[in-house]
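Here's a quick briefing to read with the model open beside you. Have a look at the structure first, then work through the points below.

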Amino acid sequence: MRIYTIAIIPFMIALITLTSCDEPDSYSAISDNTKSELREWAGILARHWALPPGDSLRPEKPEDSELLSLIRSCDSNPEAWAYLHSCITDTIAILEPPSPSCQY
């Protein structure tokens, strides 16, 4: 009986570990509405930071109150920060780079 007890404990630990872990980058703790909002913010922020002033695709700098709302939303769910970062990097990666003659 002792052998069964010794063998079952590691099995139970492995089973609990495997069933409780989410798939990496699944962001399952974030609702679909929040994901949509964060993707929208990522597009705004990435284009504002990456595109040169005067570019027709570059949005204006968001208001401080809007940014505070985004910060509060992400602070309420830390996984949201990772999702927002992922969306921003994805957006920057697909933006067309400025011409080499563009100097700031």
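Leu 67 counts as partly exposed, because its relative accessibility is 23% and the partly exposed class runs between 20% and 50%. This is a predicted model, so keep that in mind throughout. Leu 67 sits in helix H3, and the notes below start there before moving on to the way the helices pack.

**Leu 67 and its surroundings**
- Setting aside residues up to four places away in sequence, Leu 67 touches Trp 41, Leu 45 and Pro 62.
- Trp 41 is 26 residues from Leu 67 along the chain, and their C-alpha atoms are separated by 9.3 Å.
- Leu 67 is also one of the H3 residues in the contact with H2, where Trp 41 and Leu 45 are among the H2 residues.

**The chain as a whole**
- There are four helices and zero strands here, so if you read along the sequence you get α-α-α-α.
- The chain has 104 residues, and 21% of them count as buried.
- About 8,000 Å² of the chain is exposed, with carbon and sulfur atoms supplying 60% of that area.
- Take the contacts between residues at least 6 apart in sequence: 66% of them join residues at least 24 apart.

**H2 against H3**
- Helix H2 covers residues 32–50 and helix H3 covers residues 64–75; they pack at an angle of about 135 degrees, with axes 12 Å apart.
- H2 and H3 are therefore oblique to each other, since an angle has to be over 145 degrees to count as roughly antiparallel.
- The crossing of H2 past H3 is left-handed.
- On the H2 side, the contact uses Thr 34, Glu 37, Leu 38, Trp 41 and Leu 45, while H3 brings Glu 66, Leu 67, Leu 70, Ser 73 and Cys 74.
- Sorted by class, the H2 and H3 contact comes to six nonpolar, two polar and two charged residues.

**H3 against H4**
- The axes of H3 and helix H4 (residues 78–94) come within 6 Å and cross at roughly 120 degrees.
- That angle makes H3 oblique to H4, because the roughly perpendicular range is 65 to 115 degrees.
- From H3, the contact takes in Leu 70, Ile 71, Cys 74 and Asp 75; from H4, it takes in Pro 78, Ala 80, Trp 81 and Leu 84.
- Its make-up by class is seven nonpolar residues, no polar ones and one charged.
- Leu 70 and Cys 74 turn up in this contact with H4, and they are also listed for H3 in its contact with H2.

**H2 against H4**
- Here the axes come within 8 Å and cross at roughly 45 degrees.
- H2 is thus oblique to H4, because roughly parallel would need an angle under 35 degrees.
- H2 passes H4 in a right-handed crossing, whereas its crossing with H3 is left-handed.
- H2 supplies Lys 35, Leu 38, Arg 39, Trp 41, Ala 42, Gly 43, Leu 45, Ala 46, Trp 49 and Ala 50, which meet Ala 80, Tyr 83, Leu 84, Cys 87, Ile 88, Thr 91 and Ile 92 of H4.
- By class, the residues of this contact divide into 13 nonpolar, two polar and two charged.
- Leu 38, Trp 41 and Leu 45 of H2 meet H4 here, and they also take part in the contact with H3.

**Ala 42: buried or exposed?**
- Ala 42, which lies in helix H2, is buried, because its relative accessible area is 0% and buried means under 20%.
- Not counting residues up to four places away in sequence, Ala 42 touches Leu 84, Cys 87, Ile 88 and Thr 91.
- Ala 42 and Asp 90 are 48 residues apart in sequence, with 8.9 Å between their C-alpha atoms.

**Glu 96, past the last contact**
- Glu 96 has its place in the segment after H4.
- Glu 96 counts as exposed, because its relative accessibility is 69% and the cut-off for exposed is over 50%.
- Ala 50 is 46 residues from Glu 96 along the chain, and 9.6 Å separates their C-alpha atoms.

Note on methods. Residues numbered from 1 in each chain as written. Predicted model: local features only at pLDDT ≥ 70, side-chain atom pairs only at ≥ 80, totals over all residues. Heavy atoms only, no water. Helix = DSSP H or I, 4+ residues; strand = E, 2+ residues; numbered from the N terminus. Buried < 20%, exposed > 50% of the residue type's maximum accessible area, 1.4 Å probe, protein only. Contact = heavy atoms within 4.5 Å. Areas by Shrake-Rupley, 256 points an atom, 1.4 Å probe, with all protein chains shown as cover. Axes fitted to C-alpha atoms, helices over the stretch in contact; angles between N-to-C directions. Left-handed = near helix turned anticlockwise from the far one by under 90°. Nonpolar A, V, L, I, M, F, W, Y, C, P; charged D, E, K, R; others polar.
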